[in-house]
Amino acid sequence: METGKFIQQLGKHKGTSNSSALRSNVGCISVTREASPAFFTALKEDYAFDHCSLISAVDNQSGFELVYHFSIIGESGQMLEVHVDLPRDTPTIDSITHLWGGADWHEREAYDLMGIYFIGHPDLKRVLLPDGFAGHPLRKDYVYEIHEEEW
Amino acid sequence: MAEMWIHMGPQHPMTHGLWNLRIKVDGETITDAVPELGYLHRSVEKIGERRKYFMNTTLTDRLCYASAMTWTHCYCLTVEELMGVETPQRAKYIRTIVLELQRIASHLMWLGAYLPDLGLITGFLYGMRDREMFLNLLEIPSGGRLLYNYVKIGGVKRDLPPGFAAKAERVMQTLEKRLKEYEDLYDNSKIFRMRTDDVGCYSASDAINWGITGPNLRSAGVAFDLRQADSYDAYPELDFTPVTTSASDGISDCFSRYRQRIDEMYQSMDLIRQALAKMPEGKVMADSVPVRASGEAFRRTEDSRGEALMYLVGDGTDRPYRWKIRSPMFTTVSASPHFLKGYKVADVPAIMGSIDMCIGETDK
């Protein structure tokens, strides 16, 4: 499917906004947290995005933002960037590991370094930092000095 | 028989770097596996937030000690996308050449590391000897042998000197001759085939779902190469198709992963020859490169080990607000329990060696 066309179609899904094309084969869209499970299922089942490239968590200070990069393993090399905003006091979202097995450790990393909780993840624990580490260091309000003596 | 957990690592000849693999065994058969990472975590993303954009190329070089050039290149490509910098045509060609040289050096290092895993110590010496020639080549323009800091935002540090093409050609001819020798030596070696045939199998559809990319995916017969699918630098102007291998229809095993990397070295040499022949004259650095950036951008490249992706958010200052790195090995290792289960303990080095681990990029 042409990039412009599928972005237009994606824009009709519930809870989406700001759909645009970043490059010739890359689209970008925002989706609300509530609508995200249905939207991600549709991406996998109906639009054949079979590869979850990356999940990045961004600390916007007012809240968190998750940026998903999905791609199609095929000649077109199409990609989609999905933005999901999360409130600061409850940074939780439904896990997508049941759809893309490759999302497993990306979600663990987002939990480890940014403190995002993925509901339904099979084994949500730290992956890069040791168990028992206090805090989530990639958050902007993380103060290193507090934890200096522990580690 | 009672099941038990065995730690392979963090200090183990199999690990190639510092990581730990816990395997659950029933007799000799692996029933479960848990990879544990983090021993080499340097928090590159956090350090990068405190340093200016151009300073971070020092960090990206250190992401993978076997493939420094490709990571710095991926970072520079992303920053150029963020800042809207256009790279001169000659610099694009030079980048393509050094990237492919780096890919060969990385694959040779893999060959040199993999064969001793299977008891063929001579393979280590052969691999390292040949890699040396490519390090010498990369040293000519960059001055470095392991960490180059050669690709810069907006181009490359300096031009290739006269006579580089002839030197590269001589090295490639030598490697071609030797690769043929290695193929005769390993492909027909009964011991090598017994250790690699039908070991560590996974199917193409599983590999895609688990997020396995690069040579490990193409060895299952999937013709997907980011140099073509999301092309960059001089690759759109070169003529090539992704090389693939597979053990049987859509299945990858240790031997097909070995074949894949050997074939990719041939392809890289072909690409270098094409690029050297087509390379135009001109500048190697953009006229002006901004210091500040705002907005967000991402680019992905075909790293020696798979899909490298960097995502950058700028807030209008001279430092990145958020810098996220996708390491291909991080995802591939996460899938390793799936293709370890059911094999024997002695197969672990053969399987984990065949996916070409690099802990530097995995742990970030």
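**Entry 1: strands 8, 9 and 10 of chain B**

I began with G295(B) in this predicted model, and found that its bridge partner in strand 9 of chain B is G314(B). I then looked up E296(B), whose bridge partner in strand 9 of chain B is V313(B). Both entries belong to the pairing of strand 8 with strand 9 (residues 306-315) of chain B, which is antiparallel and extends over ten bridges. I traced the connection between these two strands of chain B and noted a hairpin that passes through two residues.

On going further along chain B, I found strand 9 paired with strand 10 in the antiparallel sense, here over six bridges. Within this pairing, L312(B) has W323(B) of strand 10 of chain B as its bridge partner. Strands 9 and 10 of chain B also make a hairpin, with four residues between them, and in its turn I noted G316(B), which has a positive phi of about 90°.

Taken together, I recorded an open sheet of three strands of chain B in the order 8-9-10, with antiparallel pairing. Which strands stand at the edges of this sheet? They are strand 8 (294-303) and strand 10 (320-326) of chain B, and because each has a single partner strand, one side of each is left without a neighbour in the sheet. I noted that neighbouring strands of this sheet are turned by 10° against each other on average, with direction ignored. Helix 3 (residues 68-83) of chain B packs on the sheet, where it touches strand 8 and strand 9 of chain B, and the direction of this helix makes about 150° with that of strand 8 of chain B. I also checked burial along strand 9 of chain B: nine of its ten residues are buried, so this strand is largely enclosed by the rest of the structure.

**Entry 2: the five-stranded sheet of chain A**

I turned to chain A, where five strands form an open sheet in the order 1-2-5-4-3 with mixed pairing. Strand 1 (16-23) and strand 3 of chain A stand at the edges with a single partner strand each, so one side of each is left without a neighbour in the sheet. Here I recorded an average turn of 20° between neighbouring strands, direction ignored.

I went through pairings within the sheet, and noted that strand 2 (residues 26-31) and strand 5 (residues 79-87) of chain A run parallel and are joined by six bridges. In this pairing the bridge partner of I29(A) in strand 5 of chain A is V82(A). Strand 4 of chain A, by contrast, pairs with strand 5 of chain A in the antiparallel sense, over nine bridges, and G63(A) stands opposite P87(A) of strand 5. Strand 3 and strand 4 of chain A are also antiparallel, with eight bridges between them, and I found V58(A) opposite E65(A) of strand 4 of chain A.

**Entry 3: helix 3 of chain A**

I next followed helix 3 of chain A, which lies across strand 3 and strand 4 of chain A and runs at about 10° to strand 3. Its twelve residues reach 16 Å from the first C-alpha to the last, close to the 16 Å expected at 1.5 Å a residue. How many of the twelve residues of helix 3 of chain A are buried? I counted twelve of the twelve, so the helix is largely enclosed by the rest of the structure; among them are the charged-type entries D104(A), E107(A) and R108(A). The buried residues of this helix pack against strand 3, strand 4 and strand 7 (117-119) of chain A, together with helix 12 (328-334) of chain B. After the helix I noted G115(A), whose phi is positive, near 75°.

**Entry 4: contact between the chains, and the core**

I looked up the contact between the chains and found 23 residues of chain A in contact with 28 residues of chain B. On the chain A side, the elements that give two or more residues are strand 3 (51-59), strand 4 (63-71) and helix 3 (103-114), and the largest share, six residues, comes from strand 3 of chain A. I noted that the residues on this side divide into 13 nonpolar, seven polar and three charged.

Last, I examined the largest nonpolar core, where of 143 residues L66(A), I116(A), L101(B) and F134(B) touch the most other members. Helix 4 (residues 89-117) of chain B gives the largest share of this core, 15 residues. Leaving aside residues up to four places away in sequence, I found F134(B) touching L101(B), I104(B), A105(B), L108(B) and V171(B).

Definitions and conventions:
Residues numbered from 1 in each chain as written. Chains lettered and ligands numbered in written order. Predicted model: local features only at pLDDT ≥ 70, side-chain atom pairs only at ≥ 80, totals over all residues. Contact = placed C-beta atoms within 7 Å. Core = buried A, V, L, I, M, F, W, Y, C linked by C-beta atoms within 7 Å. Buried ≥ 20, exposed ≤ 12 C-beta atoms within 10 Å, placed from the backbone. Pairing = 2+ DSSP bridges. Axes fitted to C-alpha atoms, helices over the stretch in contact; angles between N-to-C directions. Expected span 1.5 Å × (residues − 1).
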